[in-house]
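Q: Before we look together, could you take me through the features of this model one at a time, giving the general idea and then the case at hand?

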Amino acid sequence: MVKRRKTVTFLVLSVLIGSLMGCSLNESTTAEKKSIYRVEGEWPRPPLFQGNYFANGGVGTAAYFVFEGLVQNVRMVDDQYLRLAETVTYLDDRIEIKIKEDANWQDGTPFTSKDVWAYYMLNRTEATDFYKEIELIDDKTLTIHLLDPYPNKEVIRFLFGADLHGTVPYHLHSEYVDRAAELLETASTYSIDEQKIKKGKFGLNIDEDLDGELNENWNYFLKSGPDMPMGTGPYAVSRVTSSDMLLEKQEDYYRADDIAFDQITIKNPGDGAAGYALIRSGQLNQFDGTPARDILESLVSMNDDIVHYKYPDPASIGMFFNQSMEHFDQKEFRQAISYAIDREKVREVGNNYGQVPTTSITGVVPSQLVNWIDEGIYDELTDYTYNLGQAEEILYELGWERNAQGVWEDPDGHTQDYVIGVNSGSLNMVMPAQIVAEQLTEFGLPTRLLAVDGTIFYKNAENEEGGLYHMSVDYIDTAWGFTYPWHSIRDVFWGGQSRMMHLPRYASDHEDFSKRGKLDLQLTSHDGITFDVEEILHHIPYMDKEEYTAWFSRLAWLINENAYGLNFYQNTTGTWMNRSNISGLPYEDEIDQYGGDMPLMEDEAKMREALETNLFFAGIIPFLEGRYQPKEGDDSE
């Protein structure tokens, strides 16, 4: 069977390589030879393409090369690089910022502190929930004053780093920026206690009428252009077609001397197979993702120039239990289900290189758990490793019995017909969900998979009437931004995850307006402390390290002990590189040793170097630092 799949892979790739050769936009039109880096990406197709970063569809993958913030966060490892900022100093009550003197917009206009102010006037980013005001000291210096009580530096550092400050050129959008500032001036201010819970932008009480006016102004801004993206980054968009984007290096960029490539071509192959074909043929230098093992091994064996780097992804695939459904409202039943699933077999079909945790879910990235909770609590977390005997024992204790066919009957003598829901468009989740359904059925709990379009799946899973699925498969224990667990834990209780699990909430017409739709959940932790989850989540950003570590420990322990869901595996992702015309790849001298199929490195420095190849993880840091270089004799043109 494996041999047949490899044969099909080779044939598909061969056909695609032949059909894709030469089908690209003319990259270099001058007599001068230009070095070109080619990367996979996507964007709104013309005529829908436009230049406003915030408008519908954005500008696609070009954003990494065109726009930048004052700093650049690196996902998974929580590093932070300076970009537009010369210096950033995080103090208890403020952030002091000095902008690079030679930072300019791509039309030559200087990038100033007024542009940062403009960004925050128009945008309500999460960081503004902790900002009091922005003081413009001069064109290149500003101070962001924080609201009292002051958030801890972990929170403010990464919220600040998540913002893309170089996306609102004040000289182009002053009409809408000034209008937003004028409207905000009319808002009243929350008290300290109110702000902790309600989190108003700049501590302001923005009522429904004012919010409507701000939204109206925002919508006018979205329609104001420009026609082509204009940021402060090292590359500007030159041409756009349905299959290619051409970006030209900006020679007056403040780090232009460090950047080796004259042009960036972004190609949209349309699907994974076509992308593999382009990387194989040398029409792409970079393509993100980690396919099934047989495809990966086939590709690296076909071309000595192909390299695949692997690194941990702070995202997991797993399953949430719907607590509004009969039986799933019992902690012990959820634990039994968790023990009944062989997650290693699930991982084999979902992500062969993934890592299976021993916990159910914790709200924390599994590989980072030991870094954020007390060591003693970490060692006490209940182990849910595959154990059919343990699953059976729990069900018997709950009053379940097997019938003559080996199917479990509940205490009332009824067999079950459970449903697992999954987004059919998430191909990395459908097969794992199917394996889980088969395993539960084989165990004696008949279960079927229902894969539906994402627009329907989430609506069905989160339906206020109780949801349509007993179990829902989606991303779990995931840090989309930084690994500080406040974000990932609150997703369990506040986000879509909590709605898939149907955790208790106050009614939408509750007599206390401030409680409407909010979480109504009190829990008792391992150390006997009973608390309101909603209240604690609001207070975590203001806690010091000792205090937030204690609360992360309590919350992770409770989520795991209650088996709110089951983490199948933490993803391992990766980057494809074709080194035929580039050098400076991570640990380049070891590529031939591994035949291009680079292992998941245990050495932390090497792991960081590998994950910084991924645009979503680290932006274009390797370009800015001059790591990637054209090879001598490169025939890019």
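Q: In which loop is Pro226 found?
A: Pro226 sits in the loop between helix 7 and strand 10 (235-240), where helices (H or I, at least four residues) and strands (E, at least two) are DSSP runs numbered from the N terminus. The model is a predicted one, in which local features need pLDDT of at least 70 and side-chain atom pairs count only at pLDDT 80 or more, while totals for chains, interfaces and linings use all residues. Residues are numbered from 1 along each chain as its sequence is written, and side-chain values use heavy atoms, with hydrogens and water left out.

Q: What is the peptide bond from Gly225 to Pro226, cis or trans?
A: As a general idea, most residues other than glycine have a negative phi, and most peptide bonds are trans. The bond from Gly225 to Pro226 is cis, with omega near 5 degrees, and another cis bond, with omega about 5 degrees, joins Asp148 and Pro149. Pro149 belongs to the loop between strand 7 (141-146) and helix 4 (153-162). As for phi, Met76 has a positive value of about 85 degrees although it is not a glycine, and this residue lies in the loop between strand 2 (71-74) and strand 3 (79-82).

Q: How many cavities of 30 Å³ or more does the structure hold?
A: Rolling a probe the size of a water molecule over the atoms shows where empty space is left. On a 1 Å grid over the protein atoms alone, a cavity is a set of points where a 1.4 Å probe fits but cannot get out, a pocket is an open set with protein on both sides within 12 Å along at least five of seven lines, and lining residues have an atom within 4 Å of a point. Grid points are joined across faces, edges and corners, and a volume is the space filled by probe spheres set on the points. The structure holds three such cavities, and the largest has a volume of about 60 Å³. Pro226 returns in the lining of the second largest cavity, along with residues including Tyr53, Phe67, His173 and Met230, around a space of about 50 Å³. That lining divides into five nonpolar, four polar and no charged residues, where Ala, Val, Leu, Ile, Met, Phe, Trp, Tyr, Cys and Pro count as nonpolar, Asp, Glu, Lys and Arg as charged, and the others, Gly among them, as polar.

Q: Which helix gives the most to the lining of the second largest pocket?
A: Helix 7 does, with six residues. The pocket holds about 960 Å³ of space and is lined by 32 residues, of which Tyr190, Ile197, Lys198, Lys199 and Lys518 lie nearest its centre. Its lining divides into 13 nonpolar, seven polar and 12 charged residues.

Q: At what angle do helix 10 and helix 14 pack?
A: Two packed helices are described by the angle between their axes and the distance between the axes. Helix 10 (residues 331-339) and helix 14 (residues 388-397) pack at about 155 degrees, with their axes 8 Å apart, which makes helix 10 roughly antiparallel to helix 14. Angles under 35 degrees count as roughly parallel, over 145 as roughly antiparallel, 65 to 115 as roughly perpendicular and the rest as oblique; axes are lines fitted to C-alpha atoms, for helices over the stretch in contact, and angles run from 0 to 180 degrees between N-to-C directions.
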